[in-house]
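Subject: Structure handover

Hello,

Here is the structure you asked for, with the sequence. My notes on what was found follow below.

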2 protein chains.
Amino acid sequence: MPVANLIDGRAIASQIQGETAQRVTALKARGVEPGLVFVRVGEDPASRVYVGMKEKVSSQLGIRSETKILPESATEEQLLALVAQLNADSRVHGILVQAPLPRHIRETVIYSAVLPEKDVDGFHPVNVGKLMLGDPNGFWPCTPAGVLELLVRSGVKIEGAEAVILGRGNIVGKPMAAILCQKSKQANATVTICHSQTRDIKSHCRRADILIAAMGVAKFVTADMVKPGAVVVDVGVNRVNDPAAKGGSRLVGDVDFEAVQPIAGKITPNPGGVGPMTIAMLMQNTVRAAELATGS
Amino acid sequence: MPVANLIDGRAIASQIQGETAQRVTALKARGVEPGLVFVRVGEDPASRVYVGMKEKVSSQLGIRSETKILPESATEEQLLALVAQLNADSRVHGILVQAPLPRHIRETVIYSAVLPEKDVDGFHPVNVGKLMLGDPNGFWPCTPAGVLELLVRSGVKIEGAEAVILGRGNIVGKPMAAILCQKSKQANATVTICHSQTRDIKSHCRRADILIAAMGVAKFVTADMVKPGAVVVDVGVNRVNDPAAKGGSRLVGDVDFEAVQPIAGKITPNPGGVGPMTIAMLMQNTVRAAELATGS
């Protein structure tokens, strides 16, 4: 049995970030400083960590970034007013409203309020629609766009492959399906979307050439669900109790990595797989937004 | 072998039209006359037939309809000006720009110009995005919405079913996939999207509980591709040469009906299956647009 090849998300993300940094340099040579604003509502610990990581990469790449923080008690109107102000600010090329939002704020209302041209998260219905329609002028959501880059830059043949996606969420599963079944040399996969109501999820997994796990269930994908040689991408981020870990819990993916690695043709580690790609694609989207806004 | 049950698209469409006519009556009682405008560019014979059929059903249901005709030589700007005028006209609740448009006019530009609230065809990126995001506030494209109604009103159990869709077009295949995999009691299918680059399309078809053919290839689905008892929906409309037919050609579906009918659990005839549903859903969308525009 071949030992699985790791898909090194950190290395690929770093390669993409190098390309993005060059585009930042080119923009600055023309007097344009790409600007990205993070909006965080409340003090959710995971959100603080995510925004912090994204801020750090922004500054590494020369993207001017800023974080606006509203209290947990902020109203939808207050958040909409902030978004409107950022929409109107020509120095801001990208706006990212960090999820999750407090329960009293409707995410769809907020995502629809961000100008599509500044929606570097790719969550505005216009951008979702363009992705589905195959219109290249929109922004793709960062995580599935990052998974595609991982596959392409690892030399995975997607065209004609059987791709099975576990999960039908708006952030990963559904856009991932739209991306992989596109009419494109870098796609053209036969895509199956599985979810909690799928009858025999194991048999679908076993016929996958490319298996993308985005269910949000810790270690859901076990060795008996993977065809030898398949490419396995683990998008999951699940917090599980672990008395031995710092803080009593730790993060695990949707794939039982130790068991699946020896069988898989290629596999993403987790962490170090999809996670860094999400940030890299966010930066790429931001620089593209700045280029488009300034006529590059 | 059981004889297949026909799914009578004409009867189901007529049922839906009866419901729509009642909503028209209710609107008129409030002084609102629902209005639908068809825009046709050039004299494509199929487009003339389609628009004529839609006009006829509109008038049967009490929907005021009108057809604006531009010459084949009309520019994109002229068409955009007409759309803008219709967008601004409060008596117009629905706008349908009949495809195909002449080659010098970009369909995506035109579809994006129709106000989403009047986009009863469901082709505007905002409506496509809302469909994909599971946001019920948009308009669904008429053909896949009609297929869902056919299945639901024929008592087909969609939840947990294996649905295989042949074709990944923007009008049927992709939105059909989004509809069937939704988190809803009337959906929740496991969806596979097959297309021209699919490796072993026959084996996918053979595992389908619900097989939806929208490839645009005459009689593509043969008996050996259908699992006994499966529900087969034929969306195809293909013109084939037939010296014996009037005009030397006739229309056939994507399914070899004679061969598949004896095997299928349920099957749509073609014509008389999906076609009438597309028009019924257009009327339903139009009345809904009128209701929403007038605060019903």
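This is a predicted model. Chain A superposes on chain B after a rotation of 180 degrees with 0.0 Å of shift along the axis, and the RMSD is 0.0 Å. That relation is the one a two-fold axis gives. Both copies use the same surface: 100% of the contact residues of chain A recur in chain B.

Chain A as a whole

The secondary structure of chain A consists of 10 helices and 11 strands. Its radius of gyration is 19 Å, close to the 19 Å from the globule rule for 296 residues, so chain A is as compact as a globular protein of that length. The C-alpha trace of chain A spans about 55 × 45 × 30 Å along its principal axes.

Of the 296 residues in chain A, 56% are buried. The accessible surface of chain A is about 12300 Å², and carbon and sulfur atoms account for 55% of that surface. Taking contacts in chain A between residues at least 6 apart in sequence, 69% join residues at least 24 apart.

Domains and annotations

The domain assignment splits chain A into domain 1 (31–116) and domain 2 (142–275). Taken over C-alpha atoms, the centres of domain 1 of chain A and domain 2 of chain A are 28 Å apart.

UniProt also carries two domain features for this chain, both from an unreviewed entry. "Tetrahydrofolate dehydrogenase/cyclohydrolase catalytic" is placed by UniProt at residues 7–121 of chain A. Over residues 7–121, chain A is 50% helix and 16% strand, with 24 Å between the end C-alpha atoms. "Tetrahydrofolate dehydrogenase/cyclohydrolase NAD(P)-binding" is placed by UniProt at residues 141–292 of chain A. Over residues 141–292, chain A is 32% helix and 18% strand, and 17 Å separate the end C-alpha atoms.

One residue in chain B

Thr20(B) lies in helix 1 of chain B, which covers residues 9–29. Is Thr20(B) buried or exposed? Thr20(B) has a relative accessible area of 1%, and the cut-off for buried is under 20%, so Thr20(B) counts as buried. Leaving out residues up to four places away in sequence, Thr20(B) touches Leu61(B), Met283(B), Gln284(B) and Val287(B).

Regards

How values were computed. Residues numbered from 1 in each chain as written. Chains lettered and ligands numbered in written order. Predicted model: local features only at pLDDT ≥ 70, side-chain atom pairs only at ≥ 80, totals over all residues. Heavy atoms only, no water. Least-squares fit on C-alpha atoms with pLDDT ≥ 70 in both. Contact = heavy atoms within 4.5 Å. UniProt positions renumbered as here; feature names shortened; annotations may be inferred. Helix = DSSP H or I, 4+ residues; strand = E, 2+ residues; numbered from the N terminus. Domains from an automatic or database assignment. Rg over C-alpha atoms; globule rule 2.2 N^0.38 Å. Buried < 20%, exposed > 50% of the residue type's maximum accessible area, 1.4 Å probe, protein only. Areas by Shrake-Rupley, 256 points an atom, 1.4 Å probe, with all protein chains shown as cover.
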